[in-house]
Amino acid sequence: MNVLPLLDAAPAPDPSRPRPAVKRLLQGDGANLIAFSFAPGQDLPDHQAAHPITVQCLEGELDFTSGEETVRLAPGVVVHLREHVVHRVECPAGAPERSVLLLTMLTGERHA
């Protein structure tokens with residue numbers, strides 16, 4: 001069993017940079033957990049993942065866009081995407097000092 005205090009383990013955002021701080025929290029059987037900490041105005045421009053993913057905002061608020069659809073992520077909202085779907089994440093200017101995104105990459109891999 002792995003127990004992760006997600007908000008405590010998330011990196012601190014660096015507002016002087018254009019991109020969020022990132023930290024892999026777990027590489028486990030079937031999934032990798034990666035935390036991103038955004039300051040207002042930071043973003044992850046269009047990109048795609050090699051595996052299906054879920055994303056959820058653990059703290060603060062974020063805008064998640066895929067295609068023409070944008071969803072405001074707040075705690076309690078989860079988005080699932082298939083592999084190779086282009087998406088982006090933006091932290092709105094009026095968001096709190098720190099908005100934390102949890103990415104779960106559903107790899108299906110087994111680790112010894």
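Leaving aside neighbours within four places in sequence, which residues is Gln42 in contact with? The close-ups below, from a predicted model, take up this residue and then the core and the cysteines.

**View 1. Gln42 sits in the loop between β2 and β3 (43–47).** Beyond its neighbours within four places in sequence, Gln42 is in contact with Pro13, Asp14, Pro15, Arg17, Pro18, Arg19, Pro20, Ser37, Glu90 and Cys91. Gln42 counts as buried because its relative accessibility is 2%. Its side chain reaches the backbone oxygen of Arg19 at 3.1 Å.

**View 2. The largest nonpolar core has 19 residues.** Phe38, Val55, Leu62, Leu73 and Leu101 have the most contacts inside this core. At least two core residues come from each of β2 (31–38), β4 (53–59), β5 (62–66), β7 (78–81) and β9 (99–105). A second, separate core holds 7 residues, including Leu33, Ala35, Val100 and Leu102. In soluble globular proteins, nonpolar side chains tend to be buried together.

**View 3. Contacts of Leu62, with neighbours within four places in sequence left aside.** Leu62 is in contact with Phe38, Cys57, Val71, Arg72, Leu73 and Val89. Glu90, Cys91, Pro92, Ser99, Val100 and Leu101 are also in contact with Leu62.

**View 4. Cys57 and Cys91, in a structure with 0 disulfides.** Why is there no bond from Cys57 to Cys91? The sulfur of Cys91 is the closest cysteine sulfur to that of Cys57, but at 8.2 Å it is too far for a bond. Cys57 is buried, with a relative accessible area of 2%. Cys91 is also buried, at 4%.

Methods. Residues are numbered from 1 along each chain as its sequence is written. This is a predicted model: local features need pLDDT of at least 70, side-chain atom pairs count only at pLDDT 80 or more; totals for chains, interfaces and linings use all residues. Side-chain values use heavy atoms; hydrogens and water are left out. A nonpolar core is a set of buried Ala, Val, Leu, Ile, Met, Phe, Trp, Tyr and Cys residues joined through side-chain atoms within 4.5 Å. Buried means under 20% relative accessible area, exposed over 50%, partly exposed in between (1.4 Å probe, protein chains only). Helices (H or I, at least four residues) and strands (E, at least two) are DSSP runs, numbered from the N terminus. Contact means heavy atoms within 4.5 Å. A polar contact is a pair of N or O atoms within 3.5 Å; within protein, one must be able to donate a hydrogen and the other to accept it, and residues adjacent in sequence count only if both atoms are side-chain atoms. A disulfide is a pair of cysteine sulfur atoms within 2.5 Å.
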